Amino acid sequence: MDEKVTLTIDGIEIAARKGETILEAALENGIYIPHLCYHPDLPPAGVCRLCLVEIEGRGITISCKTPVEAGMKVKTETPQITAIRRAIVELLLVNHDGDCLQCSKNTQCELQQAAKYVGIDEARLKRLRRASRKLPVDTSNPFFDRDMNKCILCGKCVRTCAELQGVSAVDFAFRGYGTTISTFANRPILESRCESCGECVVRCPVGALVPKKAIQPSREVKTVCPYCGCGCGLYLGVRGNTVVSARGDTENPANRGALCVKGRFGHDFIGHPSRLAKPLVRRDGKLVETSWDEALALVAAKLAQYRGDSFAAIASAKCTNEENYLIQKFARAVMGTNNVDHCARLCHAPTVAGLAQTFGSGAMVNSIQEVADAACILAIGTNTTAAHPVIGRLIRKAVRKGAKLIVANPREIDLCRSAAVFLQHYPGTDVALLMGMMRVIVEEGLLDRSFVETRCENFEAFRKSLENFGLDFVERTTGVPRDRLVVAARLYATTKPASILFAMGITQHSHGTDNVIATSNLALLTGNVGKPSTGVNPLRGQNNVQGACDMGALPNVFPGYQRVTDAAARQKFEAAWGAPQSDKVGLTLTEICDAACEGRVKAVYLVGENPILSEANSKHVAAALQKLDFLVVQDIFLTETTEFAHVVLPAATFAEKDGTFTNTERRVQRIRRAIQPLGESKPDWWITCEIAKKMGAKGFDFTHPSQIMAEIASLTPIYGGISYERLEGGGLQWPCPTKDHPGTPILHTERFATPSGKAKFVPLEYRPSMELPDADYPLLLTTERSLYHYHTSTMTRKVEGLNVLRKGEEVEINPKDAEALGVKDGETVRVASRRGEVTVRAKVTSVTPPGVVSMTFHFGECPTNVLTSPAVDPVAKIPETKVCAVRVTKLEPVAAPS
Ligand code: SF4
Ligand code: SF4
Ligand code: SF4
């Protein structure tokens, strides 16, 4: 409970929070004091001087920087204040260019509001107006324009970019009369380090920074971003049946109003003309439009021929919890198989497997906002500012507050600019790196003995395994100088609370499970688990990959990670679903492809995934899909994968349906229908129910997703207390076992989820990656993500502006390697591995170290995954997409025909 102080403002008695400013207290109590440079998210700057007040006994001061005090008597209006304010507003107006009616900020402009409040003499303004100084409007950014003629130099954009976003793309320049806000060297904003997040645009009080598409919505709908696992809350602005805007939800606990470029500007895909609007069936080799009745009847009749293990379902990390629940229920209760999996296999399967061994459960331990309060952060295998931008922003915030950041990554990623220590290890050597750090911690006695003794077991066996990680070996293996490793180890062990963040750089390896175990061993060793701002925090990739796992869209578990091999769990689901359940663990995504190639799986129901681009060794996936007797794909667009489909069912987007997503911090949140589904597209839950009902199944008579959630809660202990009514008030973090449980922001505070309640240290050995460079393929290819595209870009490439910000695939190559190969920046090269080759533009950059090249996998015209290795982790069965051997050759220009 905040301590209160009582003061009076304009004679009204007010109870204000101790420590807040007079301006904040006034605004909270509905008293307007004109202001332009103040914003609740930013520390007060006192630049515009408009918020003057008079304090009895102290005189005139600015209210945005003066804290409230008990007994204070404040006046917001006196003749002197009014005169000063009017002069300030006049000076701003005479330097402010433009006609209000022409400005897209008209009626929402804070200068307009202040001018109206103080009262302006138009004749006086005319006399004062300075000779026009017309600066060119910067229209280079695809999402917003910068018109510095309208700028009032409040500095909010500068502070937002530096202090909230941590980017510093803009600053004051040309001091004196010509002062303006500029990028470095006054280049167009598109050529600056700007990340196009739009946070400055949101805060600009006037029309100097405005979105290119400034359409006023007629209503707003509260929902959740459909891109990454941060699960940022947002409001979609709707006009008619069109989504016209998005803004961050300041009350959402995951993002507190912040959005990245995709969440703010990346929604044009919803109404894109190429959206699937009718079901399609393949006739004479071509997909042709048909009716829902015909398509559903065909799917039901065909699938009925493949009940049992010749069928597999591939669920979707982009679909809702309710939809994933239904897909796995359909596979298990209607088709009689545990052959159900989804793309978590390609991202965080090792997280689930690894953390289950050490902590007893595999999910992010702490909550997103806690990152900002960590004293030390180890970000390993995560390019957070590109893949999870809003969490990346919190890391930068923590550093600004004094936290020590250790970045461990083969590439010199953007976060390195904020790092106290950068460990640039060779791809695939994470176990050696982390075990080396742990050896230093143990040898120097920096471990948390009390935590190790009271809350952990198997320490001695683990300690013995450290003997194989002498620092000479670690330095040789990882390429990280031992001195730097020692500094990092000491920093992590002694700066508390310390948080570990990781993503696919840790998991997408043939030893991904070992990598995850190594991160949890490190956290346990230093007692950094179960406390605020600590933990092992896997950053989940897609918006609902956590939920798809929770819902049992996995071959070995029912919803809530209840094992299919557990007789009691099977009985429970048999009773609920009225269908016998198999105790045989089903096939993983990679195994489904193998089985299809071998003719063991003949029919696949694939929802909202594009494995032709996302799976490793994608030629093998194409061969598998080609071999199927029957493939149904359910999606919002035609994709590289629908080319193999016999039937394509048009699905609704996140904006066209109700449901829930679970973000990376285990927060279950409501998404809400903002518009009617486009054309004849239907919500995925409706489609799955219709197929099941056409096949004669019972238990699919749902008319709203809230009913599906009620069934989920009744069968899934970690979701037991979750209902739509409770989610109306905000999200709930699982475990939430009962209707009165508040949810769980931090896991393992008292006991771990193991049978003994103690965490288990797991001894580790170093295992090299399966395919390393050699004479034929001398470079190592690793894969990464772009800030501007998502996954296989099914959605982001339908957003024109995102295509401007990142046009296509590039292979990053170090200047040394480029020189040896005779390749210049921008030239076209061929990248070949043992499995295939692609032609791609070279980007010569020292971000990628010598011997390593790097590509994303977002672009269909350059399918990086034809190159990647099919080697899998033996436990998690994840393919090793982070390491394979390739050869790069310069393509000679083709001679023009004579
Ligand atoms: S859009 Fe974001 S990154 Fe770009 S200048 Fe504004 S705040 Fe900075
Ligand atoms: S561009 Fe907008 S936010 Fe930035 S200083 Fe000018 S008026 Fe303020
Ligand atoms: S950080 Fe992720 S969830 Fe948040 S707005 Fe960006 S893409 Fe959406």
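**Ligand shells, a helix pair and a loop**

The shell around ligand 2 is made up of 12 nonpolar residues, 1 polar residue and 1 charged residue. The structure described here is a predicted model. Of the 14 residues that surround ligand 2, those that come nearest are Cys151, Cys154, Gly155, Cys157 and Cys204.

Ligand 3 has a shell of its own. Cysteines appear in it at positions that include Cys225, Cys228, Cys230, Cys232 and Cys260. Also among the residues around ligand 3 are Tyr227, Gly231, Leu259, Lys262, Gly263, Pro389 and Val390. By class, this shell divides into 9 nonpolar, 2 polar and 1 charged. Two helices, H7 (261–265) and H12 (389–400), each contribute at least two residues to the shell around ligand 3.

Attention may now turn from the ligands to the packing of two helices. Helix H13 spans residues 430–443 and helix H16 spans residues 471–478; their axes come within 9 Å and cross at roughly 155°. Because angles over 145 degrees count as roughly antiparallel, H13 is roughly antiparallel to H16. The crossing of H13 past H16 is left-handed. On the H13 side, the residues that meet H16 are Ala432, Leu433, Gly436 and Val440. On the H16 side, the partners are Leu471, Phe473, Val474, Thr477 and Thr478. The residues of this contact comprise 6 nonpolar, 3 polar and no charged.

A final region of interest is the loop between strand E26 (630–635) and strand E27 (647–650), in which leucine 638 is located. Threonine 642 also has its place in the loop between E26 and E27.

Is threonine 642 buried or exposed? Its relative accessibility is 2%, and threonine 642 therefore counts as buried. Beyond its neighbours within four places in sequence, threonine 642 is in contact with Arg282, Leu287, Val633, Phe637 and Val648.

Leucine 638 has a relative accessibility of 48%, so this residue counts as partly exposed; the class of exposed residues begins over 50%. Apart from residues up to four places away in sequence, leucine 638 touches Leu276, Leu280, Leu287 and Val648. Leucine 638 and valine 648 lie 10 residues apart in sequence, with a C-alpha to C-alpha separation of 8.3 Å. Leu287 and Val648 recur in the two contact lists: they are touched by leucine 638, and they are in contact with threonine 642.

Terms used:
Residues are numbered from 1 along each chain as its sequence is written. Chains are lettered from A and ligands numbered from 1 in the order in which they are written. This is a predicted model: local features need pLDDT of at least 70, side-chain atom pairs count only at pLDDT 80 or more; totals for chains, interfaces and linings use all residues. Side-chain values use heavy atoms; hydrogens and water are left out. A residue is near a molecule or strand if one of its heavy atoms lies within 4 Å of it. Ala, Val, Leu, Ile, Met, Phe, Trp, Tyr, Cys and Pro count as nonpolar, Asp, Glu, Lys and Arg as charged, and the others, Gly among them, as polar. Helices (H or I, at least four residues) and strands (E, at least two) are DSSP runs, numbered from the N terminus. Buried means under 20% relative accessible area, exposed over 50%, partly exposed in between (1.4 Å probe, protein chains only). Contact means heavy atoms within 4.5 Å. Axes are lines fitted to C-alpha atoms, for helices over the stretch in contact, and angles run from 0 to 180 degrees between N-to-C directions. Angles under 35 degrees count as roughly parallel, over 145 as roughly antiparallel, 65 to 115 as roughly perpendicular and the rest as oblique. A crossing is left-handed if the near helix is turned anticlockwise from the far one by less than a right angle, and right-handed if clockwise.
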